[in-house]
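Trainee: I have just opened this entry and would like to be guided through it. May we take it one part at a time?
Mentor: Certainly; please bring it up and begin wherever you wish.

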Amino acid sequence: MRDLRPPLPVVLAGARGHGAWHLENIRRLQHAGRVRLVGVCELRPLDGAELTGFDTVQQSDDFAGLLDSTGAAVAVVCTPIPTHTTLALAAAARGVHLLLEKPPAPSYAEFRRMADGAAAAGITVQIGFQSLGSHAIPAIRRLIADGAVGEVTGVGGAGAWVRDEAYFRRAPWAGRRRLDGVDVVDGVLTNPLAHAVATALALADATTAEDVSSVETELFRANAIESDDTSCVRVHTAGGARIAVAATLCADTSEEPYVVVHGTRGRITFWYRQDRVEVRREGAGPVPAHTTLHGRTDLLENLVEHLAGRARLLVPPAATGAFMRVVEAVRTAPDPVALPAPAWSTAPGERAERRIVHGVDELVAVAADTLSLYSELGADWARPAPTTFTTR
């Protein structure tokens with residue numbers, strides 16, 4: 001058994017890119033006496049400036065060896081998607097608890113292998129959907145239960161982001177469906193805007209794999225990549241709910257992604273990166289919207305509290321089973337359709353040119369508003385018809 005006395009010794013695998021955020025978060029929690037960084041697993045060691053504020057930190061590109069030599073109790077894994085299951089099982093074999101970045105795995109089979117292996121080893125795994133730590137989610141669930149917007153008719157999600165061509169060159173696996181015969185599934189809905197999907201599912205109370213009966217997918221790409229950059233899905237749940245999420249990395253202007261709960265007497269919009277909620281009720285006359293801001297529980301902090309017996313784990317693997325059904329639907333769908341040249345144009349980006357799909361900003365919003373797919377909204381490039389993935 002690993003020593004769970006505070007501060008918990010932590011190893012970080014993947015400390016650059018998005019991993020730099022985790023490094024800063026560990027620095028914050030170390031300053032608060034909750035954890036201490038004992039190891040960093042990177043192909044290229046961090047320099048002194050990157051490790052400012054930390055004591056002696058072991059560095060190695062051998063994750064398993066680093067867990068053994070440091071005696072880590074917790075590992076944070078923020079590495080390429082295809083490595084998640086292997087690293088998670090290496091941690092499980094050593095009794096090391098885990099914060100595993102999203103998406104937890106590139107396929108449902110790999111997800112099950114990870115989750116079952118962790119359960120058999122008796123370790124705790126937290127999946128890194130930070131939006132699911134927002135205090136807005138239980139607040140919205142209370143609003144729904146209280147009938148604030150009437151009967152829920154569906155949940156939509158929208159994400160319109162701008163990414164230039166350099167984004168798809170950031171790593172060998174970027175923008176790939178497979179690499180060297182291994183699944184990657186680095187699509188817009190499964191990685192950069194995966195939170196929109198996971199959050200929409202959570203607000204529809206459809207989080208486990210068993211909650212999903214079918215998934216319709218429409219996958220497109222404007223960029224010269226293998227994976228999708230402009231896509232939508234519609235999930236049908238075992239309870240009869242509908243969840244539609246549309247997203248693009250080829251927007252004209254980046255907007256804050258959001259999830260919207262549609263009701264018979266109004267709607268609740270949740271801008272999940274801002275923890276901001278707007279309730280808009282329909283009535284006989286104009287009714288002003290009511291906006292509230294909410295706090296958020298950090299997922300590594302929650303894992304530490306859970307291991308100490310003081311908190312319920314917020315995002316265990318089982319709570320991401322429905323999301324993984326969506327990943328599987330995307331993985332097994334036909335390859336994304338390349339949009340014809342008239343459908344997009346180029347513009348300067350931060351580091352390279354970027355591609356803009358004409359009218360996609362509005363299309364994404366309308367899809368979330370009407371729970372529709374692109375092909376149902378008259379986009380002339382949205383062909384062929386959607387592919388349906390059935391879980392039963």
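Trainee: Where does histidine 135 lie?
Mentor: This is a predicted model. In it, histidine 135 sits in the loop between β6 and α5, the latter covering residues 136-145.

Trainee: Which residues does histidine 135 touch, leaving out those up to four places away in sequence?
Mentor: Histidine 135 touches His294, Gly295, Arg296 and Thr297. Histidine 135 and histidine 294 are 159 residues apart in sequence, yet their C-alpha atoms are 5.7 Å apart in space.

Trainee: Is histidine 135 buried or exposed?
Mentor: Neither term applies: histidine 135 is partly exposed, with a relative accessible area of 37%. Buried would require a value under 20%, and exposed one over 50%.

Trainee: Now the sheet. In what order do the 6 strands of the open sheet come?
Mentor: The order is β3-β2-β1-β4-β5-β6, and the pairing is parallel. At the edges stand β3 (58-60) and β6 (125-128); each has a single partner strand, so one side of each lacks a neighbour in the sheet. From one strand to the next, the twist averages 20 degrees.

Trainee: What packs on the sheet, touching β1, β2, β3 and β4?
Mentor: That is helix α2, residues 63-70. Its direction makes about 145 degrees with that of β2.

Trainee: How many bridges join β5 to β6?
Mentor: There are 4 bridges between β5 (residues 97-101) and β6, and the two run parallel. Within that pairing, leucine 100 has isoleucine 127 of β6 as its bridge partner.

Trainee: And β4, how does β4 pair with β1?
Mentor: β4 and β1 pair in the parallel sense over 4 bridges. Valine 10 has valine 74 of β4 as its bridge partner. β4 also pairs with β5 in the parallel sense, over 4 bridges, and there alanine 75 stands opposite leucine 98 in β5.

Trainee: Which residues of β4 are buried on its two faces?
Mentor: Val74 and Val76 are buried on one side, and Ala75 and Val77 on the other. Both faces of β4 are thus covered.

Trainee: On to helices. At what angle do α3 and α4 cross?
Mentor: Helix α3 (residues 84-93) and helix α4 (residues 108-121) cross at roughly 5 degrees, and their axes come within 9 Å. Angles under 35 degrees count as roughly parallel, and α3 and α4 are therefore roughly parallel to each other.

Trainee: Which residues make that contact?
Mentor: On α3 they are Thr85, Thr86, Ala88, Leu89 and Ala92; on α4 they are Glu110, Arg113, Met114, Gly117, Ala118 and Ala121. Of these contact residues, 6 are nonpolar, 3 polar and 2 charged.

Trainee: How many residues of α6 are buried?
Mentor: In α6, residues 194-203, 10 of the 10 residues are buried. Among them are His195, Thr199 and Leu203.

Trainee: What comes just after α6?
Mentor: Just after α6, aspartate 205 takes a positive phi of about 60 degrees. Aspartate 205 lies in the loop between α6 and β10 (212-221), and with a relative accessible area of 61% it is exposed.

Trainee: What about aspartate 180, what is its phi?
Mentor: Aspartate 180 has a positive phi of about 55 degrees, although it is not a glycine. Aspartate 180 is in the loop between β8 (178-179) and β9 (182-183), and it counts as exposed at 74% relative accessibility.

Trainee: Another topic: which peptide bond is cis, with omega near -5 degrees?
Mentor: That is the bond from proline 6 to proline 7; proline 7 is in the segment before β1. A cis peptide bond also joins lysine 102 and proline 103, with omega about -15 degrees. Proline 103 is placed in the loop between β5 and α4.

Trainee: Last one: is histidine 262 buried or exposed?
Mentor: Histidine 262 is buried, with a relative accessible area of 10%. Histidine 262 lies in strand β13, residues 258-263. A polar atom of its side chain lies 3.5 Å from the backbone oxygen of aspartate 369. Beyond four places in sequence, the residues histidine 262 touches include Glu151, Arg267 and Leu371.

Key. Residues numbered from 1 in each chain as written. Predicted model: local features only at pLDDT ≥ 70, side-chain atom pairs only at ≥ 80, totals over all residues. Heavy atoms only, no water. Pairing = 2+ DSSP bridges. Axes fitted to C-alpha atoms, helices over the stretch in contact; angles between N-to-C directions. Contact = heavy atoms within 4.5 Å. Buried < 20%, exposed > 50% of the residue type's maximum accessible area, 1.4 Å probe, protein only. Polar contact = N/O pair within 3.5 Å; in protein donor to acceptor, adjacent residues only side chain to side chain. Parallel < 35°, antiparallel > 145°, perpendicular 65-115°, else oblique. Nonpolar A, V, L, I, M, F, W, Y, C, P; charged D, E, K, R; others polar.
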